[in-house]
Amino acid sequence: MEFKLEQYLDGIYSGDKRMIGKAITLVESKKSAHRELADELLRNIMPRTGKSVRIGITGIPGAGKSTFIESYGKILVQKGHRVAVLAIDPSSSLNKGSILGDKTRMEELAKMDKVFIRPSPTSGFLGGVANATFETMLICEAAGYDYILIETVGVGQSEVLVADITDAFVFLKITGGGDELQGIKRGIMEMVDLIFINKVDEQNRTLAKNTKIELMRALHFLSPKEAGWKVPVLIGSALQSEGLVEVYEKLSELVALKKSSGRFDSVRKEQAQKRFEYWVHAFILQQISENNQAEALYNLHKKNASELTSNPSTEAQLFVSKLFKK
């Protein structure tokens, strides 16, 4: 069933979760027939966006991201906030399929009136986020959700791209992996705003405290991401809701610091510029695919690059030069 712009807007502004989901599906669509309406929708909601706190949560598979978000989301609701959870699922590189099981793992949170949960596939988009996550956030903000939690795919160093669309970046760590710093990429450590050592109980509490000391030592050698902010390393259990109130307090301190320094708005502008650049690249490739002459030229140079008859960067430069010369 097709909906008109007014129906989408009325649904978003009234908090109709079904229509919010339909609007997100619209902006996720790659069909050219949907793009015009999606763009018009996004233009209309812009005045109502930008008033949330955007938090990215990352960590290796098994770190307890979904459990953390469910427990943390319930604390946010108790404090009077409306929460949108964007749970990103990894898509198959072969058929782009995705399990989209995060909503079932947050069963209690999903039942709350002030919570909206949206699982989205990455569809091959790098960086542990979906290609329309930024636009999805805007829709949720326009619907009145003042906390946006993004559960990202634990994919390694490319995971730091989530920092380009959030105000705070939380890294979940667990103990028991041998060398506690092994496998933690420097890029992630440079991007984090808070580290939470999860799944701590009486049996591993001493080990967790030692892990905390090692992480704090590692952070000491890195330049601070935010002036005046020392990255906290907290320990607790998301399953038992231990330590999560302290996470809320620390992240609130960070947001207040960024707003008082002017960094909050400046970073938001930088993020929007990066999204502009991303979509410029995407739309240029789309225009190429819709122009027979340009597509033939593109395929010729791509073939030369793939067969290594020439350096791929050289072929790309030749293609772009010929494209804009035409």
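**Close-up views of a predicted model**

**Figure 1. R205 is buried, its relative accessible area being 18%.** This value, like every other in these legends, derives from a predicted model. A salt bridge joins the side chains of R205 and E242, with an N to O distance of 3.1 Å. R205 belongs to helix α9, whereas E242 lies in the loop between β7 (233-235) and α10 (244-261), so the bridge ties together parts 37 residues apart in sequence. E242 has a relative accessibility of 29% and therefore counts as partly exposed; the limit for a buried residue is under 20%. With E202 included, R205 and E242 form a network of salt bridges.

**Figure 2. K209 is another residue placed in helix α9, which spans residues 205-220.** How exposed is K209? Its relative accessibility is 46%, so K209 counts as partly exposed; the exposed class would require a value over 50%. The C-alpha atom of K209 is separated by 9.1 Å from that of I197, a residue twelve positions away along the chain.

**Figure 3. A salt bridge connects E141 and R54.** The N to O distance between the two side chains is 2.8 Å. E141 is located in helix α7 (residues 133-142) and R54 in strand β1 (residues 53-59), and the pair thereby links distant parts of the chain, 87 residues apart. Both partners, E141 and R54, are buried. The structure contains 13 salt bridges.

**Figure 4. R268 and D167 meet through their side chains in a salt bridge with an N to O distance of 2.7 Å.** Because R268 lies in helix α11 (residues 263-290) and D167 in the loop between β4 (147-151) and β5 (168-173), the pair ties together parts 101 residues apart in sequence. R268 has a relative accessibility of 12% and so counts as buried. D167 has a relative accessibility of 3% and is therefore classed as buried.

**Figure 5. E315, in helix α13 (residues 312-325), is a buried acidic residue without a salt bridge.** Which side chain of opposite charge is nearest to E315? It is that of K322, 6.7 Å away; a salt bridge would require a nitrogen to carboxyl oxygen distance within 4 Å. Apart from neighbours within four places in sequence, E315 is in contact with H301, N304, A305 and S310.

**Figure 6. The largest nonpolar core comprises 80 residues.** Which members touch the most other members of this core? They are L41, I55, F68, Y72 and I139. When neighbours within four places in sequence are left aside, the contacts of I55 are Y72, Y147, I148, L149, I150, T166, A168, V170 and L251. Two of the highly connected core residues, F68 and Y72, also join F196 in a cluster linked by ring pairs.

**Figure 7. Eight aromatic pairs occur in the structure.** In the pair of F3 and Y8, the ring centres are 5.8 Å apart and the planes stand at 70°, so the arrangement is edge-to-face. F3 and Y8 are both buried. The rings of Y278 and W279 have centres 4.8 Å apart and planes at 70°, so this pair is likewise edge-to-face; that class requires an angle over 60 degrees. Are Y278 and W279 buried or partly exposed? Y278 has a relative accessibility of 23% and so counts as partly exposed, whereas W279 is buried, with a relative accessible area of 17%.

**Figure 8. Charged side-chain ends sit over the aromatic rings of Y13 and F264.** R48 is positioned over the face of Y13, 3.6 Å from the ring centre. K259 has its charged end over the ring of F264, at 5.0 Å from the centre of that ring.

**Figure 9. The whole protein gives the context for these views, with 13 helices and seven strands.** Of its 326 residues, 46% count as buried. Among contacts between residues at least 6 apart in sequence, 76% join residues at least 24 apart. The salt bridges of E141 with R54, 87 residues apart, and of R268 with D167, 101 residues apart, connect parts of the chain in this range of separations.

How values were computed. Residues numbered from 1 in each chain as written. Heavy atoms only, no water. Core = buried A, V, L, I, M, F, W, Y, C linked by side-chain atoms within 4.5 Å. Buried < 20%, exposed > 50% of the residue type's maximum accessible area, 1.4 Å probe, protein only. Contact = heavy atoms within 4.5 Å. Helix = DSSP H or I, 4+ residues; strand = E, 2+ residues; numbered from the N terminus. Phe/Tyr/Trp six-rings, centres within 6.5 Å; stacked < 30°, edge-to-face > 60°. Lys NZ or Arg CZ within 6 Å of the ring centre and 35° of its normal. Lys, Arg positive; Asp, Glu negative; His and termini not counted.
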